[in-house]
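User: I would like to learn how to read a model of two chains, going from domains to sheets to the contact between chains. Could you take me through it step by step?

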Amino acid sequence: MEKKFGVYLCKGCGIEEAIDIERLSTIATKDMKMSLCRIHSALCAPEGIQLIKDDIKEGVNTIVIGACSPRVKFEEFDFPGTITERVNIREFVAWSQHPKTDDTQSLASDYLIMGIVRVQKGEPPEPNILEDLSNTLLVVGGGITGMTSALEAANAGYKIVLVEKEPQLGGFVNKLYKKIPTGEFKEPLIVDTDIDKMIKEVEIHPNIQVYKSAKVSKTDGQPGLYDVTISSNGNSETIKIGAIVLATGWKPYDANKLDHLGYGRFKNVVTNIEFEEIARKNNGKILRPTDRKEAKKVAFILCAGQRDPNHLPYCSAMCCTNSLKQAKYVRQNPDSVAMILYKDIRTPGRLEYYYSEAQNDPGVMLTKAEVTGVTNAGNGNLYVEMENSFFGEKVKVEADLVVLAIGMVPSTREPQEYLDGLTAASAKGDEAKKAYLDSTPAPEFILNLSYRQGPEIPSLEGAYGFADSNFICFQYETRRTGIYSAGAVKQPMNIAESQEDAAGAAFKAIQCIDHISKGIAMHPRAWDTTFPDVYLLRCTACKRCTEECPFGAIDEDEKGIPYYKINRCRRCGTCMGSCPERIVSFKDYSVDIIGSMIKSIDVPEEEFRIVSFVCENDAYPALDTAGINRKTIDSSVRFISLRCLGGMNLVWVADALSKGIDGVLLIGCKFGENYQCHFVKGSELADYRFGKVGETLDRLRLEAERVKMLQVSINEYDKLPEMINEFVEKVKEIGHNPFKGL
Amino acid sequence: MSEQIITPDLGFVKDIIASGGDSVKKCYQCAACTVVCNVTPDSKPFPRKEMIYAQWGLKDKLINNPDIWLCHNCNDCTKYCPRGARPGDIFSAMRRKFIEDNSIPSLMGKVVTQTKMTLLALAIPFILFLAVLGITSHLRIPEGDIVYSKFFPILYIEIIFISAVSLAGIVYLASLVRFWNNMRKSNSQSFSKGFIPALIETLAEFLKHSRFGKCGPNADRRIPHLLVFFAFIGLAITTIWVTYYYYVPKVNTPIPLTDPMKWLANISASALLIGGALLMINRTKNKGFISKSSSFDWTFAIIIMLLCITGILTELIRLAGISTLAYPIYFIHLIFVFYTIVFFPYSKLAHMGYRSLAITYSKMTDRDISA
């Protein structure tokens, strides 16, 4: 493609008041020899957009827009088929600098020059689309979540393979007597689950193929090209799959651990699940286990083994409402009372109305209480003892049946714990690993992934075994591209929430299939058609890229030469940063492009200049926000956006310092896998590589304090300018870089 | 301390709901009511705890609870309740329920406290008077000057009323003693003050109605209630005074308008009329919250107003000399007088004694508020 350049500068939003736009335009046309540079008072307005579009019609295909941050107005400034670079002279210059000073002007001009260099060096992306892609969705788990995902995607026209380990579909809903209505909360507050209708709908749907009593014994490949082996009744079958929804749900917490609440000691202490079964088997009549007499005084102990450091430390979210529902089972007999003993009633959102409706029933009696024990009251009856209740003193109630509201344990927890144990043992050496493998029975794995990071979807540390989720930005995002968790496997949910989540996960899976068919990355760079391109001739088979790729997108062949499973790739560029040979490049993002940008910075002898590499997901938006809040940042700093600090290459530090730039500052996200970085631990990798910057500094005989790394989260925009300015002050104390002007 | 057993009573919850406490189940125990209440003691404050007792139907914890009577129905609680649980109304309902249940005989409690039985309650004096007048051949309009004793001889009135009021007084006293004993039994606390000094303090407080002044949205009730309070005292004195006139200096009714007793009577009647009217107006005023005055409250208020109006009319029509109207009005007036002073252990007036004892008890147990 022969590039025809167009530079467009916007005067709106206070830019004109801070920057001499005419002078900036001269930089573009004279210094950078751009043939076309237009100035507009509001470039994002329809007339401004039309201006650019008219030029595109005349052949302009390489566009530099000096205006607001690329994080805003991205729909307006979207020109398909062109290379478009956004130069942020609004947030980074006009809104964070003193207006109309020489420093401000040179900052704007450096940004514009860097932007122009970038498009001069960049190439138009050509998507990498693999062949023989599958459009079929695999849904693992045939409960309410899995069936909802399957139906949603099937009704959208996709083929579904649904795998259920039990002999019938329906999951936990099968066990329920009634459910909470989803529409209006009106008496009697309980409705039929209608699960049979749903099961039938799934089973007869032409787009859904159901495997019952089945499990996934192997998941190989990548999005669009998964080879999934399904074992069922001794037979195995391998099916091509496009994307996967993990909806394996939960298991009830082991009530045998709750003997302080009488479980196991008294037959008339049952779990909420067992209570459902009692109600369902007897068609709503609550017959207690010991004598099959109707229970007329039923005590519900909420948070049984939940929000309790000795059991489940978390809240299972569904039990409060569910217990109110079960109280209404009891109240089907107008003479019966249901006593609900809660730690807190948690009925968020619309469920608050459910709570107040249920509470209005004179026979549903509630109190906050810390239940201290359950004792025998004779005749099969029980005393529930409590403290800190609304009654003030220590009190007890007599009940003829006690129901424990036990919590949800994610189905992923057991494999996760096993794998965590294995990782810990392996770290201690081969012997410890062998001992662990010999002594610990292997659990049933769910997905059996062929992935160098392990056979299952990862779990966040401290997430109690619930499936991975980027709960801050995209709750469906897991670290296994193309696999989306839904429902209670991800976090405790009730039926309605699971169904909503199921629909979302199904559409995420569909989006994955769609993007892959077009060669577009998945979140967070869900527009990106570039991909890592490797000049393999120079590969030394060092395996750093395969080790460091957070998404298992790179494997190596027998010779140790890497090859990409490109559909797993999220385009973070960690491989680019990891490669000592600098042979990984993207069309618009490479070691050379960033290096050239650094080299284009004007470094006057008497001025300080600092280059700061910032990650595009946290630091960059934080800087934008600082600009929006008109926080002043020292004018000597030039920010360069990186997809992830994991793409940071040490040669850039050498480039900068040898050019006379006085300091280098890296700003990335917080360390640790729990910090919800989209690229997992790019920031940590950058820090690790940065640790070796000493060699460069030694070689150049420069002070170690000239380079620094900061960790910030997106919401720390208020502290960030201060942190940056502090670093600048430090560098100024050290003095000018002796290479300046050489 | 042995653990108390909480025994929920669904029937009692339903009773409270039926007595005007239909919002009781809405309470979620945030205790905003207790925080905004200006008449609750600091130790074991109300109304939060009574709301959970009511929700669980814990009758024992409610009926002997002095706090039900410490409440002055200010309705700050109802105004600030985030859930619309209207604690003020629940307390009113519980007081009504208490009067009904603690009545001797309990049948009379039902007849007077239940609005649907009001006509039956009024029928008792009506039939009684009709029978007395019929049997003694007085059931006619007497000739000549209007002298009510010609229609209803004073002796009959004395016999009927003194005996009925004495009986009512005795059963009321018995109810009060029962309340006092139950209160002491179920709230075992040491006393920091004797009964008599505490009672004197309480009665002295009543003269000023200082607690009413602490009410937030309902503070306007203080003056009208004070008027009604003193009106009843005035009318009670008048009644004794006229009896004294009749038997000692043997002065016959009607008493001339110049007599100080008549002044007191007329001033008291006016105070009752004005106070009663103001109370009723106050009840219909928008005070920034919705409160349901129960039919029990309204029935009583209307009867007191009818008592007052028929009393004033009895005097005015007598002075105007319209005998065909005067005697029937007098007859009706006597029915309301009977209702008010004979049924008082069962009507809203019963609160006088219960509240006095409850406040006295609170003063004896260091749960007083600085009124």
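**Reading domains, a sheet and an interface**

Analyst: The C-alpha centres of domain 1 of chain B and domain 2 of chain B lie 27 Å apart; please keep in mind throughout that this is a predicted model. The two bounds behind that distance are 10-101 for domain 1 and 106-364 for domain 2 of chain B.

User: Which elements of domain 1 of chain B give two or more residues to the side that touches domain 2 of chain B?

Analyst: One begins with the contact itself, in which 26 residues of domain 1 of chain B meet 29 residues of domain 2 of chain B. On the domain 1 side, two or more residues each come from helix 5 (67-70), helix 6 (76-80) and helix 7 (87-101) of chain B, and helix 7 of chain B gives the largest share, with 9 residues. Sorted by class, that side of domain 1 of chain B holds 8 nonpolar, 9 polar and 9 charged residues.

User: What does the radius of gyration say about chain B as a whole?

Analyst: The general idea is to set the value beside the one expected of a compact globule with that number of residues, which for 371 residues would be near 21 Å; chain B has 22 Å, and therefore agrees with the rule. Along the principal axes, the C-alpha atoms of chain B fill a box of roughly 75 × 40 × 35 Å. Buried residues account for 41% of the 371 residues in chain B, and its secondary structure comes to 18 helices and 1 strand. Of the contacts in chain B between residues at least 6 apart in sequence, 75% join residues at least 24 apart.

User: Turning to chain A, how many residues does each of domain 2 and domain 3 of chain A bring to their contact?

Analyst: It helps to place the domains before counting: domain 2 of chain A is made of two segments, 137-249 and 446-518, while domain 3 of chain A covers 252-410. Their centres, taken over C-alpha atoms, are separated by 30 Å, and the contact takes 18 residues from domain 2 of chain A and 21 residues from domain 3 of chain A. The domain 2 side of this contact in chain A has 14 nonpolar, 2 polar and 2 charged residues.

User: In what order do the strands of the open sheet in chain A lie?

Analyst: A sheet is read across its strands, and here 5 strands of chain A follow the order 13-20-14-15-16 with parallel pairing. Strand 13 (269-271) and strand 16 (364-368) of chain A are the edges, each pairing on one side only, and the twist averages 20° from one strand to the next. Strand 15 (residues 337-342) of chain A pairs with strand 16 of chain A over 5 bridges, and within that pairing A:Leu341 has A:Thr367 as its bridge partner. Helix 9 (residues 319-330) of chain A packs on the sheet, touching strands 14, 15, 16 and 20 of chain A, and its direction makes about 165° with that of strand 15 of chain A.

User: Finally, which elements of chain B each supply at least two residues to the side that touches chain A?

Analyst: Across the interface, 17 residues of chain B are in contact with 20 residues of chain A. Strand 1 (4-6), helix 1 (10-18) and helix 3 (48-56) of chain B each supply at least two residues, and the chain B side has 9 nonpolar, 3 polar and 5 charged residues. Strand 1 of chain B also runs parallel to strand 19 (residues 395-399) of chain A, joined by 3 bridges, with B:Ile6 as the bridge partner of A:Val397.

Conventions
Residues numbered from 1 in each chain as written. Chains lettered and ligands numbered in written order. Predicted model: local features only at pLDDT ≥ 70, side-chain atom pairs only at ≥ 80, totals over all residues. Domains from an automatic or database assignment. Contact = placed C-beta atoms within 7 Å. Nonpolar A, V, L, I, M, F, W, Y, C, P; charged D, E, K, R; others polar. Helix = DSSP H or I, 4+ residues; strand = E, 2+ residues; numbered from the N terminus. Pairing = 2+ DSSP bridges. Axes fitted to C-alpha atoms, helices over the stretch in contact; angles between N-to-C directions. Rg over C-alpha atoms; globule rule 2.2 N^0.38 Å. Buried ≥ 20, exposed ≤ 12 C-beta atoms within 10 Å, placed from the backbone.
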